[in-house]
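Subject: Structure to look through

Dear colleague,

I am handing over a structure that I would like you to open beside this message. Please look at it first, and then read on for what was found in it.

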Amino acid sequence: MSSEYTTERTRDAQDDESTVDDRRRRFLDRRRFMLASGAAATVALAGCAGEEEADDEDGTDDGDDGEPEPGDREYLEEKFPGLLIHSADPENGEAAERETYTEYITPSEEHYIRNHYLAPRIDESEWTISLGGLVDEEADISVDALREEFSTETVTHVMQCSGNGRSYFDPEVAGNPWRYGAVGNAEWTGAPLSEIMEEYGADTSDGMWVMFAGGDSPEGERVFARSIPMQKVMEDCILAYEMNGEEMTAEHGHPVRVVVPGWYGNNNVKWLEEIEVMERMMMGDDEDLFLEDYETDDYENYLHWQHNSYRILAEGQESIRVESIDEFDTQTQMDMEASGEQEVPPYIYDQLVKSLIGYPGIDSTVSPRDADGMIEVTGVAWAGDDAVEQVEISADGGETWENAEFFGEDNGPYAWRQFRYMWEPEESGDYTLVSRATDENGRTQPRDISDIEDGQLTIEDDSFPYEMGGYCNNSYEPHGVDVTVEL
Ligand SMILES: Nc1nc2c(c(=O)[nH]1)N[C@H]1C(S)=C(S)[C@@H](COP(=O)(O)O)O[C@H]1N2
Ligand SMILES: [Mo]
């Protein structure tokens, strides 16, 4: 083995978008959709699809000539009325209003969706998840088996796309232009991975890794796959089949997804198809990346999102592939790199501390309540797998601060906490409300984003580093809310 590190090309700018030829992707997706829905009838109707599309282009499609289908904007808008849609094929949308952040549980219609490919439509009764690698017994696990042979656990978890807040970077960063809304707090129910690991005799010692791969990519395209440390897998990860007490939508991962409590969304692999127990992160240059239909030049397809895409990189910095790391707190990895303690650009795992004001909404006009002359500012705060300790509110854009108080349910760190602040503005006028949270380690959200030229690697001088993928932005100023008060 030559060295611990392998240097690879840097993440390409278009990473967060599909890079494949559009027409081919549509074709493959359509075929996959037809296969997954399993209906010969669908195949027989395929000849009509072209005509329907032609009608759409004429603008004559008002719903009489065929129902909107997956990949169509109308379909997504109808099914998820609370989302601001960035793209319909594949489905990408975020919470459209701040109101989403006044509730404890985010309903699935308002819970953001981030897909690299069109969500596959999977018949649960025919789906199995292959388990291989360093286990005593390889297996193909059915969804029924997950439901019946293992215990059932529910975890309330803040799912947040690591690109949430990306649109506030200046200069602009490529990828979905998320504002604040690519985050939600839902209840996920499924089977504990610790039981599954034990049942099939996985080597569960510390330092081991588990690869999870999704079944959404068309043939020959990059597979959405992540390596999760065994410690985390054994501690609290589940294979979820329900969201908020209901069957998961296709868009959110039906029939089975991994839920990695407290960690960024990119770790929560949907449409789970393969699990592989390994001695290290997936690397792909030898037999321990043991994948079904594995071909030697295919492994690169598995590695991209693990090693190149979801990393924190300053301008001109290269992602370095390593076999293993033992610090999974993203902000600690950033600090270690900045201090020179580690030369590895951070892998995006545990979430940074963050908060959002839910009420009042952006650019709204509000008046104090008659009863007490107050405006109740509410919102949510979270800090990944750490607890959030404090939230402060400023009504003058961050000059002066007051403490907010927590209220509502407390389900441990993976879920968010709701906060409220009783605000008594003295005069009518325009105000900028901002919120700032601090986690149990004393880490506070920074004010803004540093300049690209600074080459900053971690949070310093009250600013978040300019990050080339627009990842992990937890600065409070861009997330503030401008309101007009009428007394
Ligand atoms: N198989 C697969 N899993 C996936 C993705 C994907 O494109 N394919 N997107 C990931 C990303 S980047 C995020 S942020 C979350 C989004 O989950 P949600 O759409 O349920 O909110 O799913 C993750 N799991
Ligand atoms: Mo994401």
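The lining of the largest cavity draws on two parts of the chain, with at least three residues coming from each of domain 1 (15-113) and domain 2 (124-339). Please keep in mind, as you read, that this is a predicted model. The largest cavity holds about 230 Å³ of space, and 19 residues line it, of which Arg114, Arg257, Gly265, Asn268 and Lys270 are the closest to its centre. When these lining residues are sorted by class, 8 of them are nonpolar, 7 are polar and 4 are charged.

What sits in the largest cavity? The occupant is ligand 1, and 19 residues surround it, the closest being Tyr112, His116, Asp216, Arg257 and Lys270. The shell around ligand 1 is made up of 7 nonpolar, 8 polar and 4 charged residues, and this shell, too, takes at least three residues from each of domain 1 (15-113) and domain 2 (124-339).

Three of the contacts made by ligand 1 can be followed atom by atom. An oxygen atom of ligand 1 lies 2.4 Å from an N or O atom in the side chain of Lys270, while a nitrogen atom of the ligand lies 2.7 Å from an N or O atom in the side chain of Asp216. With Tyr112 the partner belongs to the backbone, where a polar atom is 2.8 Å from an oxygen atom of ligand 1. Taken alone, ligand 1 would expose 530 Å², and the protein buries 100% of that area.

How many cavities of 30 Å³ or more does the structure hold? There are 2, and the second largest has about 30 Å³ of space. Its lining consists of Gln160, Cys161, Ser162, Asn164, Tyr264, Leu352, Lys354, Cys472, Asn473 and Asn474, which by class gives 4 nonpolar, 5 polar and 1 charged residues.

Where does this second largest cavity lie with respect to the domains? Both domain 2 (124-339) and domain 3 (354-485) contribute residues to its lining, and the cavity therefore lies between these two domains. As you turn the model, you could begin at Lys270, whose side chain has an N or O atom 2.4 Å from an oxygen atom of ligand 1.

With best wishes

Methods: Residues are numbered from 1 along each chain as its sequence is written. Chains are lettered from A and ligands numbered from 1 in the order in which they are written. This is a predicted model: local features need pLDDT of at least 70, side-chain atom pairs count only at pLDDT 80 or more; totals for chains, interfaces and linings use all residues. Side-chain values use heavy atoms; hydrogens and water are left out. A residue is near a molecule or strand if one of its heavy atoms lies within 4 Å of it. A polar contact is a pair of N or O atoms within 3.5 Å; within protein, one must be able to donate a hydrogen and the other to accept it, and residues adjacent in sequence count only if both atoms are side-chain atoms. Accessible areas come from the Shrake-Rupley method with a 1.4 Å probe; for residues, only the protein chains shown count as cover. On a 1 Å grid over the protein atoms alone, a cavity is a set of points where a 1.4 Å probe fits but cannot get out, and a pocket is an open set with protein on both sides within 12 Å along at least five of seven lines; lining residues have an atom within 4 Å of a point. A molecule sits in a cavity or pocket if more than half of its atoms lie within 2 Å of its grid points. Ala, Val, Leu, Ile, Met, Phe, Trp, Tyr, Cys and Pro count as nonpolar, Asp, Glu, Lys and Arg as charged, and the others, Gly among them, as polar. Domain bounds come from an automatic or database domain assignment. Grid points are joined across faces, edges and corners, and a volume is the space filled by probe spheres set on the points.
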